[in-house]
Amino acid sequence: MNMTYSAARLLITNQKCDYDEMATNLSLFLMTKRINQDEYTKLCALMDEQQNKATDETQA
């Protein structure tokens, strides 16, 4: 497993992740080939899931 992918995954699952900043970082990682398209897709899906989870918790 790619170290950049692992680090991004860890940051995304952190409760204090800035999702806008991470979205920019993921795009840059993809453009510079630090992660591949499949990893990018997985990380974006994880980010959406975490963001929805955080939104649900604040509305409860």
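This is a dialogue about reading a predicted model of a protein, from its overall fold down to single residues.

Trainee: Where should I begin, and how many helices and strands does the protein have?

Mentor: Begin with the secondary structure, keeping in mind that the model is predicted. The protein has three helices and zero strands, and reading along the sequence gives the pattern α-α-α. The radius of gyration is 12 Å, close to the 10 Å that the globule rule gives for 60 residues, so the protein is as compact as a globular protein of that length. Along its principal axes, the C-alpha trace spans about 40 × 20 × 15 Å.

Trainee: What share of the residues counts as buried, and what does the exposed surface consist of?

Mentor: A residue is called buried when its relative accessible area is under 20%, and of the 60 residues of this protein, 25% meet that description. The protein exposes about 4,400 Å², of which carbon and sulfur atoms supply 53%. As for charge, the mean positions of the 6 positive and 9 negative charges are 9 Å apart.

Trainee: Which part do residues 24 or more positions apart play in the contacts?

Mentor: Among the contacts with a separation of 6 or more, residues 24 or more positions apart account for 58%.

Trainee: How should I read a single helix, and which residues of helix 3 are buried?

Mentor: The general idea is that an α-helix has 3.6 residues a turn, so residues three or four places apart point the same way. Helix 3 covers residues 37–59, which is 23 residues, and it reaches 33 Å from its first C-alpha to its last, close to the 33 Å expected at 1.5 Å a residue. Its buried residues are E39, Y40, L43, L46, M47 and Q50, and these pack against helix 1 (3–13) and helix 2 (19–31).

Trainee: Taking Q50 of helix 3 as an example, what is it in contact with beyond its neighbours in sequence?

Mentor: Q50 has a relative accessible area of 11% and is therefore buried. Once neighbours within four places in sequence are left aside, Q50 is in contact with I12, T13 and Y19.

Trainee: Is T4, which lies in helix 1, buried or exposed?

Mentor: T4 is buried, because its relative accessible area is 11%. Leaving aside neighbours within four places in sequence, the contacts of T4 are with F29, R34 and I35.

Trainee: Where does F29 lie, and which residues does F29 touch?

Mentor: F29 lies in helix 2 and, at 25% relative accessibility, counts as partly exposed. If residues up to four places away in sequence are not counted, F29 touches T4, R34 and I35. Distance along the chain is a separate matter from distance in space: F29 and Q15 are 14 residues apart in sequence, and 21 Å apart in space from C-alpha to C-alpha.

Trainee: What should I look for in the backbone, and what is phi of K33 near?

Mentor: The general idea is that most residues other than glycine have a negative phi. Phi of K33 is near 60 degrees, a positive value in a residue other than glycine. K33 has its place in the loop between helix 2 and helix 3.

Trainee: Is K33 buried or exposed?

Mentor: K33 has a relative accessible area of 72%, so it counts as exposed, whereas T4 in helix 1 is buried.

Conventions
Residues are numbered from 1 along each chain as its sequence is written. This is a predicted model: local features need pLDDT of at least 70, side-chain atom pairs count only at pLDDT 80 or more; totals for chains, interfaces and linings use all residues. Side-chain values use heavy atoms; hydrogens and water are left out. Helices (H or I, at least four residues) and strands (E, at least two) are DSSP runs, numbered from the N terminus. The radius of gyration is taken over C-alpha atoms; the globule rule is 2.2 Å times the number of residues to the power 0.38. Buried means under 20% relative accessible area, exposed over 50%, partly exposed in between (1.4 Å probe, protein chains only). Contact means heavy atoms within 4.5 Å. Accessible areas come from the Shrake-Rupley method with a 1.4 Å probe; for residues, only the protein chains shown count as cover. Lys and Arg count as positive and Asp and Glu as negative; His and the chain ends are not counted. The place of a charge is taken as NZ of Lys, CZ of Arg, CG of Asp or CD of Glu. The expected span of a helix is 1.5 Å times one less than its number of residues.
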